[in-house]
Amino acid sequence: MNCTKCPTSTRAVIGLPRHNAAFCKACFTTFVHEQVARAIKAFKMFTPEDRILVAVSGGKDSLALWHILLALGYRADALYVNLGIGAYSEESHRKVRHYAETVAASHGAKLLVHVVEQEAGAGIRELATILHRPTCSTCGTIKRYQFNRAAVEQEYDVMATGHNLDDEAARLLGNVLHWQDEYLDKQSPTLPASVEGFAKKVKPLCRLSEREIAAYAVVNRIDYIVEECPMAKGSKMILYKEVLNRLETESPGTKQRFYWGFLDKQTTPAPATESMAEKDQRTLTPCTICGQPTTAGTCSYCKMMAKAKTAAQPRA
Amino acid sequence: MLVQLSHPHRQVEIKGPKRTKELLRELNLVMEAHLVIRGDELVTEDEMLADADQIEIRPVISGGA
């Protein structure tokens, strides 16, 4: 498979069926940067003058996001929250520190660190046990609180997270399956600082799939933690992603159409509603042959039968 | 070829030569949820993998809550 963008047709490193394209390393990096730049512009996320705080975990999405924003010339620092999940947290902390020292520092960007155990007296697993709450839910509350607090207290203009197309499509599927429409507003790629004390929050990777971001990290030699958080095993989000990936394999572009279609509907004002009965009364008339309602003069059934009879007649 | 897998971390020996998509199919894995890396380079689904290749199949799905 060769790069579909290069005039010299260099060997491709990734095929993207949903875009009917394949890219070499250089063209793929350009493609990813363009997708992020489009999201930043389309959803009015931030300007080159803004100070951005990136929420980093040591995983592919957040480190790739930090990398892309620095490559695009934005002023982006990062905050890492050490959750105290034993060897997993130690390894993810090491990956973040390594990236900050070897890459981010050369762009003048700094890493902030919050250690849950230092403030709460226990790690995330112990806190979840004490509170009788699921670990992922406890973790989510702590991370949202600490990232927002750091962004507000240290006067960043905006907080950026590494949520990608798969994250948003899976969350949307979960919200729709359970009709949790009160959460749908929060799926916008830009959430304004609606009240005093809330930082503006953005998701610049919302146009890119999880696989594209992982590929970007490999191509650009970003050393991230491949191991999954031990607490996420068996989570519903992973199940929804697996289901969506099956659909995507059969029909490329499904995840994109699902999530982007939702965003389009969110931003487009709904037309004046007409009931199904009103619409039928306006558009349907009796078929000229059988009298059943149809939008055409002669209904599809009568047309089909007339055609079949003509075709079945013996030739003279 | 020696194939390294994750979640859980393990290694399996698969007979080559074989195209990337055939390797994934044999292991019952979906391309959309994985990257295939030969040495330290990504390969596409139509790439022919040889018996002597060192392959990593890296899952890309993550997420809790």
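Helices (H or I, at least four residues) and strands (E, at least two) are DSSP runs, numbered from the N terminus. The exercises below use a predicted model.

**Exercise 1.** State how many helices and strands chain A has, and decide whether chain A is more spread out than a compact globule or not.

*Solution.*
- Step 1: the secondary structure of chain A consists of twelve helices and ten strands.
- Step 2: for 316 residues the globule rule gives 20 Å, while the radius of gyration of chain A is 26 Å, well over that value, so chain A is more spread out than a compact globule.
- Step 3: along the principal axes, a box of roughly 90 × 55 × 40 Å holds the C-alpha atoms of chain A.

**Exercise 2.** Find what share of the residues of chain A is buried, and what share of its contacts with a separation of 6 or more joins residues 24 or more positions apart.

*Solution.*
- Step 1: buried residues make up 36% of the 316 in chain A.
- Step 2: among contacts in chain A with a separation of 6 or more, 65% are between residues 24 or more positions apart.

**Exercise 3.** Describe how helices α5 and α6 of chain A cross and which residues meet there.

*Solution.*
- Step 1: α5(A) covers residues 124–131 and α6(A) residues 135–153; their axes come within 9 Å and cross at roughly 110°.
- Step 2: angles of 65 to 115 degrees count as roughly perpendicular, and α5(A) and α6(A) are therefore roughly perpendicular to each other.
- Step 3: the crossing of α5(A) and α6(A) is right-handed.
- Step 4: from α5(A), A:I124, A:R125, A:L127, A:A128 and A:L131 meet A:T135, A:T138, A:C139 and A:I142 of α6(A).
- Step 5: sorted by class, this contact of α5(A) with α6(A) has six nonpolar, two polar and one charged residues.

Conventions
Residues are numbered from 1 along each chain as its sequence is written. Chains are lettered from A and ligands numbered from 1 in the order in which they are written. This is a predicted model: local features need pLDDT of at least 70, side-chain atom pairs count only at pLDDT 80 or more; totals for chains, interfaces and linings use all residues. The radius of gyration is taken over C-alpha atoms; the globule rule is 2.2 Å times the number of residues to the power 0.38. A residue is buried if 20 or more other C-beta atoms lie within 10 Å of its own, exposed if 12 or fewer, and partly exposed in between; C-beta atoms are placed from the backbone. Two residues are in contact if their C-beta atoms, placed from the backbone, lie within 7 Å. Axes are lines fitted to C-alpha atoms, for helices over the stretch in contact, and angles run from 0 to 180 degrees between N-to-C directions. Angles under 35 degrees count as roughly parallel, over 145 as roughly antiparallel, 65 to 115 as roughly perpendicular and the rest as oblique. A crossing is left-handed if the near helix is turned anticlockwise from the far one by less than a right angle, and right-handed if clockwise. Ala, Val, Leu, Ile, Met, Phe, Trp, Tyr, Cys and Pro count as nonpolar, Asp, Glu, Lys and Arg as charged, and the others, Gly among them, as polar.
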